[in-house]
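Colleague: Could you walk me through this one before I go back to the bench?
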Amino acid sequence: MSIAEIVSQRVQQAFPDENKRTLKAATVIVNVGRLIPPSYVYPLPPLCTSEERLHFISFILKKETGIDYSVDEVLVAHNVLMGSENVQQQLNFDFNIGTIQHYLDEYKLEQPRSTFARSFSPLLLFPHRIVCNICDAQLKTIFQSYGQVVYCTKVQSCLLYKADCHVCRRSYRVSSVYLMDQKQTLVTAESQMSDFIHFSGSIVFSKEILISFSSQLIDDYATFEGFASATIKVFNRLHPNRTDHINADGLARNLEAVWLYYELTNFIFMTSKAKDIRFPYAMSEGRTRIKSQQSLRAIFIERNLNWIYHIFTTFWSNHENVFGSCKCGNCSKVMVIDGHQKPRRMVCRYDNVTSIMNAAELGPINKGCPYMPRRKNSENQELSGARNRLYELFYLDHPYYFCDYHQSKHAEELSLETKMSDNELQQYLGYLRELDRKESQCNVGRNDMDERFESKKRSMGFIASFLNCGIIIGFSDSVNHEGPRKITDHLLTMLKLGAKLPSLLVYDAACQLYKFWRYRFGTEHMQKTQFSQQLMEIY
Ligand SMILES: [Zn+2]
Ligand SMILES: [Zn+2]
Ligand SMILES: [Zn+2]
């Protein structure tokens, strides 16, 4: 008797009822029998019986074949099938991605010149949908590119697929839709559900590593660089022979771009009615500056900053209406403003940058330039030693103290310094600065004398407004010193962007703020508008 005949005979004996006799059921019983060994229930404890185990197997059979098997039928089939060595070998089938990868690695060693072995990967990432959501056409899935999926503890190569609708000019990808004519990436609530996030380039992020970074950022203040470098060290220790070429710098750059995209999308979907978002395609590129130009990502974020801040402040200041009152019992009753000086960063030294957001109430606010100063030794190789000495001799101010934009602007202004109109502007700005200084006298003590002579300028930290429920509803990065005008500016900005402010306010220099409002309200220093009027109703 051939092996096939033996197996077929056993299957017949195992399922006396012809209607319930399938090869599929027999295969399931053999594999499940191996994966859930009877020894688990015998001898006791555990406190379950072998009947319960058989019941679970019949539950699986129902799911897999759609046929109801009684516990007795399962027992008969189980005993008959497991009684034959041949049947067990023939019907046992255990194949998964891991097994294929294992054989692929072995095959690669044996067939080093096989293109298939070198380029194939069993991890196939398909588009998040293959039916066009405009014309409903069923689309063909085609190969897009090779990629590498980054997980928390490993890198795995993968093949990326896409589905193009040439009528609607849309290309459906793993976690986005590429709009061919606009060169934009469309992210929808559906595409955001994908387990793998990829927009461009060869690095694909698993959702686990993006979410892991978010948690590390919130509870551990992780930076992109720190997280990437730690992750690469994990890879190196777990897989000393790893063959991918991902390094810490590349990972940090890509993580920054993709993570920002990913969490910004989550944030927008959570806080607004938007169902999809369009980003410039190149937004996922790994660099913020390309050939010393701001990248499209930086431009996109800067252009949309007010809108993003608007949904942030509106959503959180109205959280009582959205989620109902917090458990604290006094939801959204009091607002606390606090300055944090820990997160101070390097900023450009150029000072004449003003905000006109609240010009109607406060006049121009001298904010200082928020950009990073130029970095040494990166893109600035052309600044030779001779030129540096020239700066030291004539300008005193070193070019590295300024951002790329103000680097040349500053030099221009120095040559214009004597012009009348410029002088007037300087005087006016000087006057405003003096006013800021006077109004914020209790903050003066905070400046170290050393700091005034420090060559690179640092920002003064971060102002946050939060509700008594502990929810931040507004924040601003203060490049220059904080004072009543700055705080007023911070509050007016929130009001104008749609925040709902409670009528009670706590602030460590509230007396000054109160004085400023009392004495300046209705004067040129704090014009009366519907927004400043709202502030006057706060205690
Ligand atoms: Zn279509
Ligand atoms: Zn609350
Ligand atoms: Zn600047």
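Modeller: What follows is a short talk through a predicted model, beginning with its metal site.

Colleague: Which residues are the protein donors of the zinc ion (ligand 1)?

Modeller: The zinc ion (ligand 1) takes its protein donors from the SG atoms of Cys 132, Cys 135, Cys 165 and Cys 168, which lie 2.2 to 2.3 Å from it, and along the sequence these donor residues follow the spacing C-x2-C-x29-C-x2-C.

Colleague: And what does that spacing tie together?

Modeller: Cys 132 sits in the loop between β1 (124-125) and β2 (141-150), while Cys 165 belongs to strand β3 (residues 155-165), so the pair ties together parts that are 33 residues apart in sequence.

Colleague: What is the arrangement of the donor atoms around the zinc ion (ligand 1)?

Modeller: It is tetrahedral, because the 4 donor atoms around the zinc ion (ligand 1) subtend angles of 108 to 115 degrees.

Colleague: Cys 132 and Cys 165, buried or exposed?

Modeller: Cys 132 counts as buried because its relative accessibility is 0%, and Cys 165 is buried too, with a relative accessible area of 3%.

Colleague: How many disulfides does the structure hold?

Modeller: The structure holds 0 disulfides; as for another cysteine, Cys 331 has 2% relative accessibility and so counts as buried.

Colleague: Switching to helices, how do α10 and α11 cross?

Modeller: The axes of helix α10 (residues 248-271) and helix α11 (residues 296-317) come within 11 Å and cross at roughly 35 degrees, and the crossing is left-handed.

Colleague: Which residues meet there?

Modeller: Those in α10 include Leu 260, Leu 264 and Phe 267, and those in α11 include Phe 300, Trp 307 and Phe 312.

Methods: Residues numbered from 1 in each chain as written. Chains lettered and ligands numbered in written order. Predicted model: local features only at pLDDT ≥ 70, side-chain atom pairs only at ≥ 80, totals over all residues. Heavy atoms only, no water. Disulfide = S-S within 2.5 Å. Buried < 20%, exposed > 50% of the residue type's maximum accessible area, 1.4 Å probe, protein only. Donors = N, O, S within 2.8 Å, 3.2 Å for Na, K, Ca; no water. Tetrahedral: all angles 85-135°; square planar, octahedral: opposite > 155°, others 65-115°. Helix = DSSP H or I, 4+ residues; strand = E, 2+ residues; numbered from the N terminus. Axes fitted to C-alpha atoms, helices over the stretch in contact; angles between N-to-C directions. Left-handed = near helix turned anticlockwise from the far one by under 90°. Contact = heavy atoms within 4.5 Å.
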